[in-house]
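Q: Could you walk me through the central sheet of this protein, strand by strand, and then through what packs on it and what holds the surroundings together? I'd like a close look rather than a quick tour.

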Amino acid sequence: MTRASLDKDPRDVAAMFDDVAGKYDLTNDVLSLGQDRLWRRAVLKAVDAQPGETVLDIAAGTGTSSEPFADRGVNVVPADFSLGMLRVGNRRRPDLGFTAADAMRLPFADDSFDAVTMSFGLRNVASVEQALGEFLRVTRPGGRLVVCEFSQPVNGAFRKVYTEYLMRSLPPIARKVSSNPESYVYLAESIQAWPAQRELGERIAAAGWGEVGWRNLTGGIVALHRATGPLA
């Protein structure tokens, strides 16, 4: 079994997700106490894609984040660099165009998408700045970016309880439901090392995105960042 480290070597990260692909969605549902479903609905609403628009769902995994777009008549491209995840997704939804793609080197032409969304994947890339630049490149002028990612609870007492859960409770639970429980130790470490809401917003703006804003979900456990590409 493979576990990535915080240097986020792309090969290690991809191999780690290959290992957990079979039970990935079930494990996430258990560990988040079902909150992941609410987060996906929030992403869908924030992207606000209309039928006929084209959306890139990068780090789509098995496609659970892409399905709601497709079911609404949106042209969605579920992309991920874990072939194991893509295979699982393709077996369940062969009608979706699952595509192998590295967030730092997207295999798409400039201005290809009306919106780009990424849920729980940005903290796994080796260069956040490079990925954000690629998202901007493939988005049409004035297009949208929505990033859903773990963040820092805004209440100090709640943040302490949450941190205790991550480091003490999450790994034992993962051992019961995951095919690669060690990968969830990396998950906990990567969440703790990830920047807070404002800092991530500043990094998105520095990559060239405008109108950057965010809102907290579940008390700040997760933050939803939104931005718009320049018109010219």
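A: Let's start inside the sheet, with β1 and β2: five bridges join β1 to strand β2 (residues 75–80), and the two run parallel. If you want a spot to click on, T54 has N75 as its bridge partner in β2. Bear in mind that this is a predicted model.

Now hop to β4, which is also joined to β1, by four bridges, again in parallel. Here D57 is the residue to look for, with T117 as its bridge partner in β4. As for cover, β1 has plenty of it: four of its five residues are buried.

Keep going through β4 (residues 113–119) and you get to β5, joined to β4 by six bridges, with the two strands running parallel. One of the pairs to look at is S119 with C148, its bridge partner in β5.

Zooming out, these strands belong to an open sheet of seven, in the order β3-β2-β1-β4-β5-β7-β6, and the pairing is mixed. The edges are β3 and β6; each has a single partner strand, so one side of each is left without a neighbour in the sheet. For the backdrop, the protein has nine helices and seven strands.

Next, what packs on the sheet. Helix α6 touches β1 (54–58), β4 and β5, and its direction makes about 145° with that of β5. Helix α9 packs on the sheet too, where it touches β5, β6 and β7, with its direction at about 155° to that of β6.

Helix α9 deserves a longer stop. This helix spans residues 197–206, and its buried residues are Q197, L200, G201 and I204. Looking down the axis of α9, you'd see those buried residues fall within an arc of 105°, so they line one face of the helix. That fits a general point: an α-helix has 3.6 residues a turn, so residues three or four places apart point the same way. Flip to the other side of α9 and you find R198 and A206 exposed. And what sits over the buried residues of α9? The cover includes α6 (128–138), β5 (139–150), β6 (210–217) and β7 (222–228). So α6 turns up twice in this story: it packs on the sheet, and it is part of what covers the buried residues of α9. After α9 comes G208, with a positive phi, near 110°.

While we're at α6, there's a salt bridge within it. R137 pairs with E134, with the closest N and O atoms 2.8 Å apart. These two are three residues apart in helix α6, so about one helical turn separates them. R137 is partly exposed, at 25% relative accessibility, while E134 is buried, at 13%.

That pair brings us to the charged side chains elsewhere. A search of the whole structure turns up 12 salt bridges. Some of them form a network that links E67, D71, R92, R93 and D95. Take R92 and E67: their closest N and O atoms are 3.4 Å apart. R92 lies in helix α5 (residues 83–92) and E67 in helix α4 (residues 67–71), so this pair ties together parts that are 25 residues apart in sequence. R92 is partly exposed, with a relative accessible area of 35%, whereas E67 is buried at 16%.

Then look at R93 and D71, whose side chains meet in a salt bridge of 3.4 Å, N to O. R93 is in the loop between α5 and β3 (99–100), and D71 is in helix α4, so this one ties together parts 22 residues apart in sequence. With this pair the arginine is the buried partner, since R93 has 16% relative accessibility and the cut-off for buried is under 20%. D71, at 57%, counts as exposed.

A last look at the whole thing: of the protein's 232 residues, 52% count as buried. Among contacts with a separation of 6 or more, 66% come from residues 24 or more positions apart. The protein exposes about 10300 Å², and carbon and sulfur atoms supply 53% of that area.

Conventions. Residues numbered from 1 in each chain as written. Predicted model: local features only at pLDDT ≥ 70, side-chain atom pairs only at ≥ 80, totals over all residues. Heavy atoms only, no water. Buried < 20%, exposed > 50% of the residue type's maximum accessible area, 1.4 Å probe, protein only. Arc of directions from axis to C-beta. Contact = heavy atoms within 4.5 Å. Salt bridge = Lys/Arg side-chain N within 4 Å of Asp/Glu carboxyl O. Pairing = 2+ DSSP bridges. Axes fitted to C-alpha atoms, helices over the stretch in contact; angles between N-to-C directions. Areas by Shrake-Rupley, 256 points an atom, 1.4 Å probe, with all protein chains shown as cover.
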